[in-house]
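Trainee: I am new to this structure. Can we go through it in short steps?

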Amino acid sequence: MEKPDMVFNGHDGYDAVVVGSGYGGSVAACRLSMAGVKVCLVEKGQKWEAKDFPTNSFNIISALRMESQNLGVSFGPKDALFQVYEQNDSLAAMACGVGGGSLVNAGVMVPTPVRTRRSSKWPKEWETDWDSCEASAATMMRIQSVPLQFPIAKIMKQIDVGEVEHMVQDSIKLSINFDIEDSSSRLPKHQNMDTCIGCGNCLAGCPYNAKNSTDKNYLASAIQACALQLGILEEAD
């Protein structure tokens, strides 16, 4: 079994270690860093730049890593953007990079359905802060109304009301920069953000640097707080 090496730039003393930089890891790292905790965030994938995202079928295939324990085969770069793992009767697909799944999802943001919030599985104390937490996430992700009719937006608007209770068309927003004024998101633009041109390449990474993936907000805030160190795992050949 290959032993991964940890590559860091800076000190090696930390109060907390966070594994992964997707929605879960980035939020945890940000909150800890803002509280003054020294955080080491460990990520297997590389830092992807907009120009490096695949924009055609050939490049997408080239950015795929497939590992099948059932067949005993694997192919593709170990730091590929798309990672697919097969083991027994399970198949897992994920993104590999600083920003995790936020790099390659459609960025669709909808309010939590009331029926979901009423579930007895949630701690009762959460209901008190639910709206403020959703508002905080919406602010950080700088969600905006959709001025263009993307295929994913059309599909979301056709979802049965039983699945997304009380959802109306205007409630569907994306964590993508359309460079428009939005009353629910009148915030300064994130640095180095460009404008969406409606290319539809969201699910393979935004080649126009218009998607608010977590590396541009939560992780950027943690780094600005001078309390986050990013470690990249590199596997030996």
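Trainee: Are Trp 48 and Phe 53 buried or exposed?

Mentor: This is a predicted model, and the answer comes from its relative accessible area. The cut-off for the inner class is under 20%. Trp 48 falls in that class, and Phe 53 does too. Both residues are buried.

Trainee: What kind of aromatic pair do Trp 48 and Phe 53 form?

Mentor: Their ring centres are 5.8 Å apart. The angle between the planes is 10°. Planes under 30 degrees apart count as stacked, so the pair of Trp 48 and Phe 53 is stacked.

Trainee: How many aromatic pairs does a search of the whole structure find?

Mentor: Trp 48 and Phe 53 form one of them. There is also an aromatic cluster, made up of Trp 122, Trp 126 and Trp 130. Over the whole structure, the search gives a total of 3.

Trainee: Which strands does strand 4 join, and how do they run?

Mentor: Strand 4 covers residues 64-68. With strand 5, residues 73-75, it shares 3 bridges, and the two run antiparallel. With strand 6, residues 82-87, it shares 5 bridges, and these two run parallel. The partners are strand 5, antiparallel, and strand 6, parallel.

Trainee: Which residues stand opposite Met 66 and Ser 68?

Mentor: Take the partner strands in turn. Met 66 faces a residue of strand 5, Phe 75. Ser 68 faces a residue of strand 6, and that residue is Glu 86.

Trainee: Which residue in the hairpin turn has a positive phi?

Mentor: The hairpin is formed by strand 4 and strand 5. Between them lie 4 residues. One residue in the turn has a phi of about 70°, and it is Gly 72.

Trainee: What is the order of the open sheet of 3 strands?

Mentor: Start with the edges. Strand 8 (108-109) and strand 9 (144-145) each pair on one side only. Strand 10, residues 173-174, is joined to strand 8 by 2 bridges, and Val 108 stands opposite Leu 174 there. Pairing in the sheet is antiparallel, and the order is 8-10-9.

Trainee: Where does the pLDDT fall below 50?

Mentor: The chain has a mean pLDDT of 81, with 77% of its residues at 70 or more. One stretch below 50 has 27 contacts beyond near neighbours in sequence; it is residues 1-9. Another stretch under 50 has 18 contacts beyond four places in sequence, and it covers residues 182-190.

Key:
Residues are numbered from 1 along each chain as its sequence is written. This is a predicted model: local features need pLDDT of at least 70, side-chain atom pairs count only at pLDDT 80 or more; totals for chains, interfaces and linings use all residues. Side-chain values use heavy atoms; hydrogens and water are left out. pLDDT is the predictor's confidence in each residue, from 0 to 100. Contact means heavy atoms within 4.5 Å. Two strands pair if DSSP finds at least two bridges between them. Rings of Phe, Tyr and Trp (its six-membered ring) pair if their centres lie within 6.5 Å; planes under 30 degrees apart count as stacked, over 60 as edge-to-face and the rest as tilted. Buried means under 20% relative accessible area, exposed over 50%, partly exposed in between (1.4 Å probe, protein chains only).
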